[in-house]
Structure formats: structure tokens, C-alpha cells
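Here's a quick walk through one protein chain and the ligand it holds. Have a look at the structure first, then read on.

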Amino acid sequence: MSSTGKTPKACVIGWPVAHSRSPLIHRFWLERLRIAGTYELAAVTPADFPDFVRGLAQHGFVGGNVTLPHKQMAFASCDALTETAARLKAVNTLWIEAGKLWGDNTDAAGFLGALDQDAPKWDADPGTALVLGAGGAARAIVHALQLRKTKRILLSNRTRARAIALASEFGVEVVDFGDLPGAMEGAALLVNTTSLGMRGQPPLTIDITPLPASAVVSDIVYVPLETPLLEAARARGLRTVSGIGMLLHQAVPGFTRWFGATPSVTAELRGLAEADIRAAA
Ligand code: ATR
């Protein structure tokens, strides 16, 4: 029960939203933790989004997740932001606190949670990280790497101007696609944040041979569960972190805020999410 005595109700707001795997994750935790809450899909058009979030409490929600295409509009709609949301200029988690609409961005925490779980001690000597892409996901990951004091962050993107803009905002370096082999030689971590390798998209065609044997390779893509990049890394014996971990871990802070208990990303939950992704393929 929430402080108002009602069953707490949360949602994921998107357009379209039917594909979202957030209900699977949050309903699993509600059941396992025996919490009498609900988690719903909220299909809300961009035109209706501002009114919907302003009326979140009136609709009976304690908060919710925000997915495409609303993350920037959610950022603009909040009364208060966490430091991370302010830095990333995008919000994926909302809650109401003392009558105010709060926004957080949990993608950075999700990325770190996945790395910590799947590649323990990856940041013992964080060295150089090479990040491919310069969109919203790259922003979250560069921020996450800076939170963990990564010494050097190199950013590479098809559209160089986007890489330069992001790199200057976060104080990191840009590497041309053509110079990736050299950049890989000293990299402790390679992260793909582009949509390459996703089902229906072209594969990411880079030769990872120059990566050191101790390198960790992470891909935020989770459909398919193992992208050609991760397959190549695993074949080389490198440690790999698939995008499914980030998807599951980014859900933890929202659940904790709305329902008052910290859930775990267990093998059982991961198995369920993986089965759901396989079934949809
Ligand atoms: P997100 O918010 O998920 O990061 P995005 O802002 O659309 O999504 O960014 C997608 C990323 O994938 C970008 O870095 C994009 O490169 P551009 O900035 O050059 O568009 C990258 N990307 C998408 N398709 C690509 C392709 N065919 N080749 C190389 N990079 C691609």
C-alpha cells in the first residue's frame, strides 16, 4: 500500500508502447516481492504527453517509465531533476514527491549495473574506453564511464559532427572510424551504442582483432540477444556484456521509488526476458 492507502500504480509511457518489456520486468518483481502494485502500458501521443504527465497523480499513478519518443519532452516537463537527468537532458523515470514531478535517467545506472554483474571488476583499472555512436544512449554511457573515473574516453561516430558535439560537451576525445584499429589496441572496454547489429539493421562491421585479450566488449543492442559483435568477442575469448543486462538494471531505480523495495536482477528474470525476446524474433 502507498502512503495514500491505495495500491500503488505505475506505468510505461510511450508511442507506440506495446513492444515495451518494462511490464514483464516490473510485474515479475511485484509478484516475487509480494507487493500489491500494478504496472501498466500507457500509449500516449506526443501531443498528449505534457497533459498526461502533469496529470499523472490524478490518473492514480505514483510514477512511471518514459520511452520513445518522449524522453526529451519528459525532461522538459519535470519540476525537479536528478543530477544525472539534468546532465543527460533526457528522462526515463518519473515519480511524484511532495507534489512535485521528479525525473531521473537510469540508463547510466543500468549500463553500470550490467557491467558490474556480467564483467565483475571491469573498472578495477578503467583505462581507456572506446564508445561507438553519439546518440542519446552514447550520452548516458559516457556519463556512466565518467562516474566510474574512466581515464580516457574515445568516441567514434558515423556522423563526425555529432561525435564532436558530444565529445566537447563531456570533455572526451573523438576518433575517426578509420582510426578505430589503432584506438582498439589500448582499449580496456569497447561499447557499441549504435543501432548496428540490431535485428533489421546492418551488422557492425569492425574487426576487433586489435583489442587486448583483457578487454571487455559491451553492446546495448539486445535484439538479437547476441549481436555479431558480441559473437566475435566471445569467439576471441573476451568478456562480453549484452544489452539485456542494461535493460533489466535500468528498471531497478524506478521500481524502488514507486514500490519502496529494491528488486534484484536475478537469473530467473533474465531467463524470462530472454525467452520473451526469442519468442518475438
Ligand atoms: P539512441 O538515442 O538510441 O542513441 P540515436 O540518437 O538515433 O539513438 O543514435 C543512433 C546511433 O546509431 C548514432 O550514433 C548513429 O550514427 P549517426 O549519428 O551517424 O546517425 C548510429 N547509427 C545508426 N545507423 C547507423 C549506420 N548505418 N552506420 C553507422 N552508424 C549508425
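For what follows, a residue counts as near the ligand if one of its heavy atoms lies within 4 Å of it. Keep in mind that this is a predicted model.

So who's around the ligand? Going along the chain, there's Gly133, Ala134, Gly135, Gly136 and Ala137, then Asn157, Arg158, Thr159 and Arg162, and finally Thr194, Ser195 and Leu196. Sorted by class, that shell comes to seven polar, three nonpolar and two charged residues.

Which protein atoms pair up with oxygen atoms of the ligand? Here are three such pairs, involving Ala137, Arg162 and Ser195.

| Residue | Protein atom | Distance to a ligand oxygen atom |
|---|---|---|
| Ala137 | backbone N or O | 3.1 Å |
| Arg162 | side-chain N or O | 2.8 Å |
| Ser195 | backbone N or O | 3.5 Å |

So Arg162 reaches the ligand through its side chain, while Ala137 and Ser195 do it through backbone atoms. On its own the ligand would expose 640 Å², and the protein buries 69% of that. As for where the ligand sits, the space it takes is the largest pocket.

Now zoom out to the whole chain. You'll find twelve helices and twelve strands in it. Along the principal axes, the C-alpha trace spans about 60 × 40 × 35 Å. How does the radius of gyration fit a compact globule? For 281 residues you'd expect a value near 19 Å, and the chain has 19 Å, so the two agree.

Methods. Residues numbered from 1 in each chain as written. Predicted model: local features only at pLDDT ≥ 70, side-chain atom pairs only at ≥ 80, totals over all residues. Heavy atoms only, no water. Polar contact = N/O pair within 3.5 Å; in protein donor to acceptor, adjacent residues only side chain to side chain. Areas by Shrake-Rupley, 256 points an atom, 1.4 Å probe, with all protein chains shown as cover. 1 Å grid on protein atoms, 1.4 Å probe; cavity = no way out; pocket = protein on both sides within 12 Å on 5 of 7 lines; lining within 4 Å. Sits in = over half its atoms within 2 Å of the grid points. Nonpolar A, V, L, I, M, F, W, Y, C, P; charged D, E, K, R; others polar. Helix = DSSP H or I, 4+ residues; strand = E, 2+ residues; numbered from the N terminus. Rg over C-alpha atoms; globule rule 2.2 N^0.38 Å.
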